[in-house]
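Here are my comments on the model you sent, set out as numbered points. Please read them with the sequence and the coordinates open beside you.

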Amino acid sequence: MILESNSILKDNNLRITACRDQVLRMFLGVQSALSNADIEEGIGKDFDRVTIYRTLKTFLKKGIIHKVPDDTGNLKYALCNDDCTEMQHNHQHVHFKCETCGSTVCLDHVKIPEISLPQGYIFVESNFLINGVCEHCNLKTKNY
């Protein structure tokens, strides 16, 4: 995972720092989106909030991560797919939040339907969040 995080940083012309490496390894180690609180809890002992915030902001700008909406009003982040660049995020997919475990995941294969906006409106970004029960929690409840 260290080699992979270093490779991602180098591919995006970013200096390898301890904070960037640890934050990126957190994203590489999970399938779900992470909040600031998740990241601070995971590595906050080593880095202050400002450093973590700047790291996330840099990763967003470079197309390494993208914002994930949350029905609580909190923002989460997830790794971008290979199509994202510094110039454009290509993550027009559905996000799914489990009501049982609270995890939010990207459903890359489920695309947001194309929306036709009225004349004069300019599309910038769309978010689509589905709430339900994830496969893992669904299987756990069926086993009892």
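1. Asp71 has a relative accessibility of 46% and therefore counts as partly exposed, since that class lies between the limits of 20% and 50%. The model is a predicted one, and the side chain of Asp71 meets that of Lys97 in a salt bridge with an N to O distance of 2.8 Å. Because Asp71 sits in the loop between β2 and β3 while Lys97 belongs to strand β4, this pair ties together parts that are 26 residues apart in sequence.

2. Lys97, by contrast, is buried, because its relative accessible area is 13%, and its side chain also meets that of Asp70 in a salt bridge, at 3.1 Å from N to O. Asp70 lies in the loop between β2 and β3 and Lys97 in strand β4, so here the parts tied together are 27 residues apart in sequence. Asp70 is buried, as is Lys97.

3. Which residue, besides Lys97, forms a salt bridge with Asp70? That residue is Lys76, with the closest N and O atoms 3.7 Å apart, and both Lys76 and Asp70 are buried. Taken together, Asp70, Asp71, Lys76 and Lys97 are linked in a network of salt bridges, within a structure that holds 5 salt bridges.

4. As for the sheet around that loop, 3 strands form an open sheet in the order β1-β3-β2, with antiparallel pairing. The edges are taken by β1 (34–35) and β2 (65–68), each of which has a single partner strand, so one side of each is left without a neighbour in the sheet. The antiparallel pairing of β2 with β3 (residues 76–79) runs over 4 bridges, and in β3 it is Ala78 that serves as the bridge partner of His66. Helix α4 packs on the sheet, where it touches β2 and β3, and its direction makes about 105 degrees with that of β2.

5. The largest nonpolar core has 18 residues, of which Val23, Phe27, Ile39, Ile43, Leu56, Phe59 and Ile65 touch the most other members. Two or more residues of this core are given by each of α2 (18–28), α3 (36–43) and α4 (49–62), and the largest share, 5 residues, comes from α2.

6. How many disulfides does the structure hold? There are 0, a point worth setting beside the individual cysteines. Cys106 is in no disulfide, the nearest cysteine sulfur being that of Cys80 at 8.3 Å, and this exceeds the 2.5 Å cut-off for such a pair. Cys19 is buried, because its relative accessible area is 3%.

7. Is Cys101 buried or partly exposed? With a relative accessible area of 44%, Cys101 is partly exposed, and its place is in the loop between β4 (93–98) and β5 (104–111). Leaving aside residues up to four places away in sequence, Cys101 touches Cys134 and Cys137. The C-alpha atoms of Cys101 and His136 are separated by 9.2 Å, although these residues are 35 apart along the chain.

8. A last backbone detail concerns Asn13, whose phi is near 55 degrees, a positive value in a residue other than glycine. Asn13 has its place in the loop between α1 (2–11) and α2, and because its relative accessible area is 68%, it is exposed.

How values were computed. Residues are numbered from 1 along each chain as its sequence is written. This is a predicted model: local features need pLDDT of at least 70, side-chain atom pairs count only at pLDDT 80 or more; totals for chains, interfaces and linings use all residues. Side-chain values use heavy atoms; hydrogens and water are left out. A nonpolar core is a set of buried Ala, Val, Leu, Ile, Met, Phe, Trp, Tyr and Cys residues joined through side-chain atoms within 4.5 Å. Buried means under 20% relative accessible area, exposed over 50%, partly exposed in between (1.4 Å probe, protein chains only). Contact means heavy atoms within 4.5 Å. Two strands pair if DSSP finds at least two bridges between them. Axes are lines fitted to C-alpha atoms, for helices over the stretch in contact, and angles run from 0 to 180 degrees between N-to-C directions. A salt bridge is a side-chain nitrogen of Lys or Arg within 4 Å of a carboxyl oxygen of Asp or Glu.
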